Amino acid sequence: MQLIRALVIFFIFVVLQAEGQDNGSYLRLNRSTSDEEASFYAETKQVNQFLRRFNGEEDVRGVRLSTTDPSYRSSELRKKYINMLFDQSGNNMPDLLKEAFVNDVTRSDAPRFIDFHGGEWFGEANVAFLRGRDRVNITLFMVLVKENLGSKWVIDDVYFTPYENLYKPDEMSVSRFLHPMSHELDFMNLDRVFSSGEYTGDYFKQGFEMDKLSVFLYELRNNQLKFQQVTDVTFHFFQIDGWYVEIKEFNRPGLNRGWLISNLIKLETGQKERLISFIHRRE
């Protein structure tokens, strides 16, 4: 009798242990699934989704809200979303600055939104090319333009260090010029121009501005440049008066990832133009 009782107790113990293990696995599975779902909903996967979240036009599951929905573009929803759209990886955006920005764009009496077709924003793409045998990085600045009933992205400007040095006058030199009587010699002294190397610009008219896009297009058409891949993209927004917003994509574990605000600047008078020139490396 005691043997049977011992066997029954052992059987019950084994069953409870098995159930305990199953419950633990289930809980771990649920916790993992919950984290994955939260991460899935938190990640801002596309730039257009960034705009919708900034404007408060979708719910937490990424479903677009009807314009008749009470939450559509509500200040409460936008404050929640925009605070989640900041890069939290320890950048230099002060909390007070972010708070001032959020309060400014979500004011109930004068809310401000970002419009895809509203202009005043552009893209910056770092692109790897093969130039001869060298792999080089060229920065392309992209803008949206209207075409027929739609719009399209076009290359608006290019930055590549060798292009910046094509025209390099030596203002200290007084010997590099063509004599005013050169025409009497059929400009035979043009050889001085073509042997002047990096200071060829001394023989061009003063104030000459090189068209870097033309040089870029020429090298593309002559297969001197061969596209490899886009390595990095940044978008610059000047659409909200008094503010500059930069967004980049962050691919990393955790909830704070995807397209996020990577830089925020409160613009003073005249600062917008200087910042645009700085981004284009014109200064």
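This note goes through a predicted model point by point, from its overall make-up to single residues.

1. Overall make-up. The protein contains eight helices and six strands. Along the sequence these follow the order α-α-α-α-β-β-β-α-α-α-β-β-β-α. Of its 283 residues, 32% count as buried. The exposed surface comes to about 18,800 Å², and carbon and sulfur atoms supply 54% of that area. Among contacts with a separation of 6 or more, 56% are between residues 24 or more positions apart.

2. Confidence. The mean pLDDT of the protein is 85, and 84% of the residues reach 70 or more. Which element has the lowest confidence, and which the highest? Helix α1 (residues 2-42) is lowest, with a mean of 49, while strand β1 is highest, at 98. Over residues 6-29 the pLDDT stays under 50, and for this stretch the model has zero contacts beyond four places in sequence. The position of that stretch should be read with the low confidence in mind.

3. Helix α2. This helix covers residues 47-55 and is mostly covered, with eight of its nine residues buried. The buried residues include the aromatic residues F50 and F54, and also R52 and R53. V47, Q49, L51 and N55 complete that list. Just after α2 comes G56, which takes a positive phi of about 70°.

4. Strand β1 and its neighbours. Strand β1 spans residues 121-131, and nine of its eleven residues are buried, so the strand is largely enclosed by the rest of the structure. Strand β4 (residues 225-237) runs antiparallel to β1 and is joined to it by eleven bridges. One of the residues involved is R131, whose bridge partner in β4 is L225. Strand β2 (residues 134-147) also runs antiparallel to β1, and nine bridges join the two. Here V127 has I138 of β2 as its bridge partner. As a general point for reading such strands, side chains in a regular strand alternate between the two faces of the sheet.

5. The turn between β1 and β2. These two strands form a hairpin, with two residues between them. G132 lies in this turn and has a positive phi of about 65°.

6. Positive phi outside glycine. E120 has a phi near 60°, a positive value in a residue other than glycine. E120 is found in the loop between α4 (95-105) and β1. Is E120 buried, partly exposed or exposed? Its relative accessibility is 44%, which lies between the limits of 20% and 50%, so E120 counts as partly exposed. N148 is another case: its phi is positive, at about 55°, although N148 is not a glycine. N148 sits in the loop between β2 and β3 (150-159). With a relative accessible area of 77%, N148 is exposed.

7. Aromatic pairs around W121. The count of aromatic pairs in the model is 16. One of them is F116 with W121, an edge-to-face pair with 5.5 Å from centre to centre and 65° between the planes. The two residues can be compared by their cover: F116 is partly exposed at 26% relative accessibility, whereas W121 is buried at 7%. W121 also pairs with F235; the ring centres are 5.7 Å apart and the planes stand at 45°, so this pair is tilted. The pair links distant parts of the chain, as W121 is in strand β1 and F235 is in strand β4, 114 residues apart. Both W121 and F235 are buried.

8. The aromatic cluster. Which residues belong with W121 in one aromatic cluster? They are F116, W153, F235, F237 and W259.

9. Charges over rings. The charged end of K98 sits over the ring of F86, at 5.3 Å from the ring centre. Likewise, the charged end of R281 sits over the ring of Y159, at 5.4 Å from the centre of that ring.

10. Points to keep. Strand β1 has the highest mean confidence, at 98. β1 is joined to β4 by eleven bridges and to β2 by nine. W121, which is in β1, is part of the aromatic cluster. Helix α1 has the lowest confidence, at a mean of 49.

Methods:
Residues are numbered from 1 along each chain as its sequence is written. This is a predicted model: local features need pLDDT of at least 70, side-chain atom pairs count only at pLDDT 80 or more; totals for chains, interfaces and linings use all residues. Side-chain values use heavy atoms; hydrogens and water are left out. Buried means under 20% relative accessible area, exposed over 50%, partly exposed in between (1.4 Å probe, protein chains only). Helices (H or I, at least four residues) and strands (E, at least two) are DSSP runs, numbered from the N terminus. Two strands pair if DSSP finds at least two bridges between them. Rings of Phe, Tyr and Trp (its six-membered ring) pair if their centres lie within 6.5 Å; planes under 30 degrees apart count as stacked, over 60 as edge-to-face and the rest as tilted. A charge sits over a ring if NZ of Lys or CZ of Arg is within 6 Å of the ring centre and within 35 degrees of the ring normal. pLDDT is the predictor's confidence in each residue, from 0 to 100. Contact means heavy atoms within 4.5 Å. Accessible areas come from the Shrake-Rupley method with a 1.4 Å probe; for residues, only the protein chains shown count as cover.
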